[in-house]
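Student: Could we go through this structure together, one question at a time?

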Amino acid sequence: HANAAGVPMVVAVNKCDLPGANPQMVRQQLASAGVLVEDYGGEIGIVECSATTGQGLDELVERLALETEILELRANAEVPATGVVVDTRKDKDMGIVCTVIVNDGTLRPKDQILAGHSVARVRYLVDDKGKRVKEAGPSMPVQVFGFEDPPDSGIVFLAVEDMNEARTVARERFEE
């Protein structure tokens, strides 16, 4: 999907610590899907790693930093938050729990956001360690609590000023 969308990417091949791991086969599968990594003459970086042992994670962070520098990626924490919905689930105790990654701006509790045909007044934010946070800046993944309806994964969200207008837009999108 990233390749088709023309989005820059770095491939992290995980579980390379396992005895049956075959990173070369992953490279071949990527090539057959039209994703050419640097080893195969392409421009897409690839890093072999293991989340369990930590092997290759420093190289992955270095590679991401290099790509960020080369592509001159910058975010502005002072603008209204925008980002992407990664996952949504319904919890019987907490309601709709939505994992998002903030791309630009800063997301805070009490912000109002529109995500596709869903709206939310952010009740609170939880980071990847399960702790409540007061804000989420660029590139930070957080769980958002406060959605009225579950948004679809992959949808872009944005902070809005007027909740009534956001509900109108969400309703129109739902009807389409």
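**Strands, rings and a surface patch**

Tutor: Let us begin with a pairing of strands, keeping in mind that this is a predicted model: strand β1 (residues 10-13) and strand β2 (residues 45-48) pair over four bridges, in the parallel sense.

Student: Which handedness does the β-α-β crossover from β1 to β2 have?

Tutor: On its way from β1 to β2, the chain passes through helix α2, which spans residues 23-32. The β-α-β crossover made in this way is right-handed.

Student: Which residues form the covered face of strand β1?

Tutor: Strand β1 has two faces, and the uncovered one holds Val10 and Ala12. Valine 13 stands opposite glutamate 48 in β2. The covered face is formed by Val11 and Val13.

Student: Why is the pair of tyrosine 124 and phenylalanine 145 described as stacked or edge-to-face?

Tutor: A search of the whole structure finds one aromatic pair, and the ring centres of tyrosine 124 and phenylalanine 145 lie 4.5 Å apart. Planes under 30 degrees apart count as stacked, and those over 60 as edge-to-face. Because the planes of these two rings are at 15 degrees, the pair is stacked.

Student: Is isoleucine 70 buried or exposed?

Tutor: Isoleucine 70 lies in helix α3 (residues 57-70), and together with Leu66, Leu71 and Leu73 it forms a nonpolar patch on the surface. Its relative accessible area is 56%, and exposed means over 50%. Isoleucine 70 is therefore exposed.

How values were computed:
Residues numbered from 1 in each chain as written. Predicted model: local features only at pLDDT ≥ 70, side-chain atom pairs only at ≥ 80, totals over all residues. Heavy atoms only, no water. Patch = residues over 30% accessible without salt bridge, like charges linked within 9 Å, V, L, I, M, F, W, Y side chains within 5 Å. Areas by Shrake-Rupley, 256 points an atom, 1.4 Å probe, with all protein chains shown as cover. Salt bridge = Lys/Arg side-chain N within 4 Å of Asp/Glu carboxyl O. Buried < 20%, exposed > 50% of the residue type's maximum accessible area, 1.4 Å probe, protein only. Pairing = 2+ DSSP bridges. Right-handed = clockwise from strand over helix to strand, strands pointing away. Phe/Tyr/Trp six-rings, centres within 6.5 Å; stacked < 30°, edge-to-face > 60°.
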